[in-house]
Amino acid sequence: MKMSRLFQLIAIFLVSLSFKTNAQTSNLLKEKIQQIISTKNATVGISIIGIEGRDKISINASGHYPLQSVFKLHIALAVLAEIDKGNFSLKQKVQVKKQEMLPDLWSPLRDKNPNGGNFSIADLIKYSVSQSDNVACDVLIRLLGEPKKVEEYFKKNNIIKDLAIQFTEEEMQSKWENMFQNWTTPDAASELLMKFYSNKNDLLLKKSYDFIWKTLKETNTGGDRLKGELPKGTTVAHKTGYSGTNEEGITAAFNDIGIVFLPSGKYYIISVFVTNSKENNDTNAKIIADISKATWDFYLNQER
């Protein structure tokens, strides 16, 4: 009995020592990131969940940051949840009329189909997530009913709480102030990625799960952000967001959130939101790229 108790105490000690060592080590990465952002005229929120969740780094990560197109991931996940319930299907065709192909929004879908057409939900999600298509995004919102339905899905199912989605892409683009009503925190963004990738609570059925992660890995926007300084061919499943710059030279959102896969197959989660920035777009992108590279080097070194 005494020997058993001794082993328990040793195990507790080793676990606590491991947590302490991880915290001390991750502080080195945290310090490096703080050096990167300290000279920038912007607010930068960072949330990182390390390999196997052993450590977590949060810098300015509890504030409200405009989602911009990052919310297209949330919309896609809410639609996939409805598909898993049997309310829709990936192959289901949705009619998009010519008048819905709005001319002032970014839309590769409209550029290829200016007169409208019938598109599968799978294609609409691919356009919306991988190419950040605004027309496809708003069609998916209409399928669900309204933007608030997306927010309700995550909150009612206790997935994440720090989230607000009030406006469509068309509405966000129509008025600068509207984007601030679609927000999340960097910590909530990383939590979202962690829960849906681990899928421990069966948030998605296998077909939907495989579909969304393949789609995220095919994202072709923001190649100069999380992927910007990583080795060529690195697999990153991510979603970007961008607000544009107002007359005062302020960029409200320059974002990228994702899962980065190391050569070993292990992964870490990283969410970076740049807001209230007076830097130019090249600098905003480099902020994210530099943070991403520092994180990559840190975890790659741990693998050796």
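1. Which residue stands opposite Trp183 in β7? It is Pro66. This is a predicted model, so the points below describe computed geometry. β3 and strand β7 (residues 183-184) pair in the antiparallel sense, over two bridges.

2. That pairing belongs to an open sheet. Three strands make up the sheet, in the order β3-β7-β6. The pairing in the sheet is antiparallel. β3 (65-66) and β6 (163-164) are the edge strands. Each of these edge strands pairs on one side only.

3. Next, strand β1, which covers residues 43-49. Is this strand mostly covered or mostly uncovered? Mostly covered: six of the seven residues of β1 are buried. β1 pairs with strand β10 (residues 267-275) over seven bridges, in the antiparallel sense. Within that pairing, Val44 has Val274 of β10 as its bridge partner.

4. β1 also pairs with β2. Four bridges join β1 to strand β2 (residues 56-59), and the two run antiparallel. Ile49 has Lys56 of β2 as its bridge partner. The hairpin of β1 and β2 has six residues between the strands. In this hairpin, Glu52 takes a positive phi near 55°.

5. Helix α5 spans residues 134-144 and is mostly covered. Nine of its eleven residues are buried. The buried residues of α5 include Asn134, Asp138, Cys137 and Leu144. Val135, Ala136, Val139, Leu140 and Ile141 are also buried. What do the buried residues of α5 pack against? Their partners are α2, β4 (93-96), α3 (108-112), α4 (121-130), α6 and α7 (169-174).

6. Look at both ends of α5. At the N-terminal end, Asp133 acts as the cap. A side-chain oxygen of Asp133 lies 3.0 Å from the backbone nitrogen of Val135. Just after the helix comes Gly145, with a positive phi of about 120°.

7. Two partners of α5, namely α2 and α6, also appear in the pocket. The largest pocket has a volume of about 290 Å³. Its lining counts 17 residues. Closest to the pocket centre are Ala81, Glu82, Lys85, Tyr153 and Asn157. Two elements, α2 (71-84) and α6 (147-156), give two or more residues to the lining. Which of the elements gives the largest share of the lining? α6 does, with five residues.

8. The lining of the largest pocket can also be read by class. Nine of the lining residues are nonpolar. Seven are charged, and one is polar.

9. Last, Thr240. This residue sits in strand β8 (residues 236-242). Why does Thr240 count as buried? Thr240 counts as buried because its relative accessibility is 4%, and the cut-off for buried is under 20%. The Thr240 side chain makes a polar contact with the side chain of Thr221, at 2.7 Å.

10. Thr240 has other neighbours too. Leaving out residues up to four places away in sequence, Thr240 touches Ser69, Val70, Thr221, Gly222, Arg225, Asn255 and Asp256. Thr221 is thus on the list of residues touched and is also the polar-contact partner of Thr240.

How values were computed:
Residues are numbered from 1 along each chain as its sequence is written. This is a predicted model: local features need pLDDT of at least 70, side-chain atom pairs count only at pLDDT 80 or more; totals for chains, interfaces and linings use all residues. Side-chain values use heavy atoms; hydrogens and water are left out. On a 1 Å grid over the protein atoms alone, a cavity is a set of points where a 1.4 Å probe fits but cannot get out, and a pocket is an open set with protein on both sides within 12 Å along at least five of seven lines; lining residues have an atom within 4 Å of a point. Grid points are joined across faces, edges and corners, and a volume is the space filled by probe spheres set on the points. Ala, Val, Leu, Ile, Met, Phe, Trp, Tyr, Cys and Pro count as nonpolar, Asp, Glu, Lys and Arg as charged, and the others, Gly among them, as polar. Buried means under 20% relative accessible area, exposed over 50%, partly exposed in between (1.4 Å probe, protein chains only). A polar contact is a pair of N or O atoms within 3.5 Å; within protein, one must be able to donate a hydrogen and the other to accept it, and residues adjacent in sequence count only if both atoms are side-chain atoms. Contact means heavy atoms within 4.5 Å. Two strands pair if DSSP finds at least two bridges between them.
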